Amino acid sequence: MTDQELRERARAVIPGGMYGHQAAPGAGYPQFMRAGRGARVWDVDGNEYVDLMCSYGPVVLGHRHPAVEAAVAEQARLGDCQNGPGPVVVDLAELLVRTVRHADWAMFAKNGTDATTMCCTIARAQTGRNKILVARGAYHGSAPWCTPRPAGVTPEDRANLGYYTFNDLATAQEAAALAGHDLAAILVSPFKHDAGFDQELVDPAFARGLRALCDAAGAALILDDVRCGFRLHLGSSWEPVGIDPDLSAWSKAIANGHPLAAVLGNDAFRDGAQRVFVTGSFWFSAVPMAAAVATIGALRDEQAIPAMHRTGIQLRDGILAQARSWDLAVTYTGPPAMPYLTFAGDQDHELAAVFTAQALRGGAYLHPRHNWFVSAAMTGDDLALLLTATDQAFAAVRKHRSD
């Protein structure tokens with residue numbers, strides 16, 4: 001079955017043919033994928049790509065990592081979705097508490113949206129307050145309170161949100177003052193990674209300022225580590241900054257592509273976590289938890305996070321050298337393992353679309369409007385093929401600008 005045939009079938013039974021972030025990012029992109037192994041993926045038409053999207057973040061060790069898949073197979077042999085959780089839920093909670101500095105306890109769900117929503121709910125239950133502050137333009141999930149699309153959302157869904165500007169402490173202080181005694185929490189991403197915009201690393205002074213604001217107000221500092229967690233540090237992403245949140249939301253890389261999310265918290269918010277009712281039919285499935293235990297072990301034992309950082313630096317240096325050689329002005333932002341490329345003046349992402357479309361034809365799967373992800377499975381051969389494809393992509397941009 002070809003990609004085009006599957007698209008035609010999908011249009012009849014799936015609204016729009018596909019939805020959410022899994023819709024193909026542009027013309028020429030495959031919609032349906034067949035397989036993945038290591039840092040490579042194959043679409044249903046048999047085309048092979050070096051994968052720099054990693055399923056939009058979940059695949060951190062590489063597709064079908066042997067230790068993870070062995071743990072998955074062993075747990076599946078015993079059972080997955082049962083009348084009660086398997087013992088692995090305790091194993092995983094203990095492992096996360098040992099691994100993440102601010103964590104005294106853990107709860108589990110399925111998606112990043114589950115986790116961010118649970119954090120907000122726990123903060124409100126603990127404080128008895130309503131207001132949550134979020135950065136303008138930040139993405140925290142797809143529930144009505146946080147989805148970036150307005151369709152189906154009512155004003156009441158957003159009535160208890162306040163807004164600040166990332167890395168601008170004065171705006172957070174103003175929003176906190178406006179919330180007054182009703183401030184339940186400040187929700188923040190480890191760095192600014194809004195889709196379609198240059199990324200911005202956190203200013204440590206801003207992080208310290210948010211921590212101080214929450215301490216003064218008796219509110220929760222919530223770190224949305226869904227996208228970044230276990231890609232930048234084996235612990236929360238703000239541990240290197242020296243700031244611990246009260247609550248943190250995790251998903252994506254926590255189980256190397258298997259469906260799992262987690263909320264981690266400190267003892268100050270344990271009572272609120274005990275009092276809320278949050279659950280799901282598949283939240284306690286044992287197989288993804290076994291995958292998470294194996295993933296965290298492999299991240300530690302294989303020194304995967306430093307490896308991704310080193311590969312990310314090589315990728316950045318190679319791409320920036322290529323841009324200079326083609327006399328193209330670009331901005332390359334974010335941590336090396338989670339980079340994003342933009343072209344000067346490319347407000348509508350026209351040049352980015354040309355670049356990524358040509359890279360795709362050269363065997364590199366990139367995205368024109370979303371940050372990329374380096375996996376620990378990327379080899380020197382993968383990087384070489386990737387940089388060959390991006391060099392061809394810069395040539396296509398240069399030609400497009402000259403036409």
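## Strand E10 and its partners

Both faces of strand E10 are covered: Ala261, Val263 and Gly265 on one side, and Ala262 and Leu264 on the other, are all buried. Buried here means under 20% relative accessible area, with exposed set at over 50% and partly exposed in between, for a 1.4 Å probe and protein chains only. Strands (E, at least two residues) and helices (H or I, at least four) are DSSP runs numbered from the N terminus. Because 5 of the 5 residues of E10 (residues 261–265) are buried, the strand is largely enclosed by the rest of the structure. In a regular strand the side chains alternate between the two faces of the sheet.

The model is predicted: local features need pLDDT of at least 70, side-chain atom pairs count only at pLDDT 80 or more, and totals for chains, interfaces and linings use all residues. Residues are numbered from 1 along each chain as its sequence is written, and side-chain values use heavy atoms, with hydrogens and water left out.

E10 runs antiparallel to strand E4 (residues 105–109), to which 5 bridges join it; two strands count as paired if DSSP finds at least two bridges between them. Within this pairing, Ala109 has Ala261 of E10 as its bridge partner. Strand E9 (residues 247–250) is also antiparallel to E10, through 4 bridges, and here Ala249 is matched with Val263.

## Strand E5 and the parallel pairings

Strand E5 (residues 131–135) is mostly covered, with 4 of its 5 residues buried. E5 is joined by 3 bridges to strand E7 (residues 183–188), and the two run parallel; Lys131 stands opposite Leu183 in E7. E5 also pairs in the parallel sense with strand E6 (residues 161–164), over 4 bridges. In that pairing, Gly162 of E6 is the bridge partner of Leu133.

## The open four-stranded sheet

An open sheet of 4 strands follows the order E1-E2-E3-E13, and its pairing is mixed. Its edge strands are E1 (33–37) and E13 (364–365), each of which pairs on one side only. Strands E2 (residues 40–43) and E3 (residues 48–51) run antiparallel and are joined by 3 bridges. Arg40 stands opposite Val50 in E3.

## Nonpolar cores

A nonpolar core is a set of buried Ala, Val, Leu, Ile, Met, Phe, Trp, Tyr and Cys residues joined through side-chain atoms within 4.5 Å. The largest such core has 77 residues, of which Leu96, Phe108, Leu315, Phe355, Trp372 and Leu386 touch the most other members. Helix H8 (residues 286–301) gives the most to this core, with 10 residues. A second, separate core of 28 residues includes Ala109, Cys120, Ile122 and Val263.

Contact means heavy atoms within 4.5 Å. With neighbours within four places in sequence left aside, Trp372 is in contact with Leu52, Met53, Ile319, Tyr332, Ala337, Met338, Pro339, Leu341, Phe355, Leu366 and His367.

## Thr311 in helix H9

Thr311 lies in helix H9 (residues 304–325). Because its relative accessibility is 11%, Thr311 counts as buried. Apart from neighbours within four places in sequence, Thr311 is in contact with Val374 and Met378.

## Cysteines

The structure holds 0 disulfides, a disulfide being a pair of cysteine sulfur atoms within 2.5 Å. Why is Cys54 without a bond to Cys228? The sulfur of Cys228 is the closest cysteine sulfur to that of Cys54, but the 14 Å between them is too far for a bond. Cys54 is buried, with a relative accessible area of 1%.

Cys214 is in no disulfide either, and the nearest cysteine sulfur, that of Cys120, is 12 Å away. Cys214 is buried, with a relative accessible area of 1%.

## The chain as a whole

The chain comprises 11 helices and 13 strands. Its radius of gyration is 21 Å, which agrees with the value near 22 Å for a compact globule of 403 residues; the radius is taken over C-alpha atoms, and the globule rule is 2.2 Å times the number of residues to the power 0.38. Along the principal axes, the C-alpha atoms fill a box of roughly 60 × 55 × 45 Å.

Buried residues make up 54% of the 403 residues in the chain. Of the contacts with a separation of 6 or more, 74% are between residues 24 or more positions apart. The chain exposes about 17500 Å², of which carbon and sulfur atoms supply 53%; accessible areas come from the Shrake-Rupley method with a 1.4 Å probe, and for residues only the protein chains shown count as cover.
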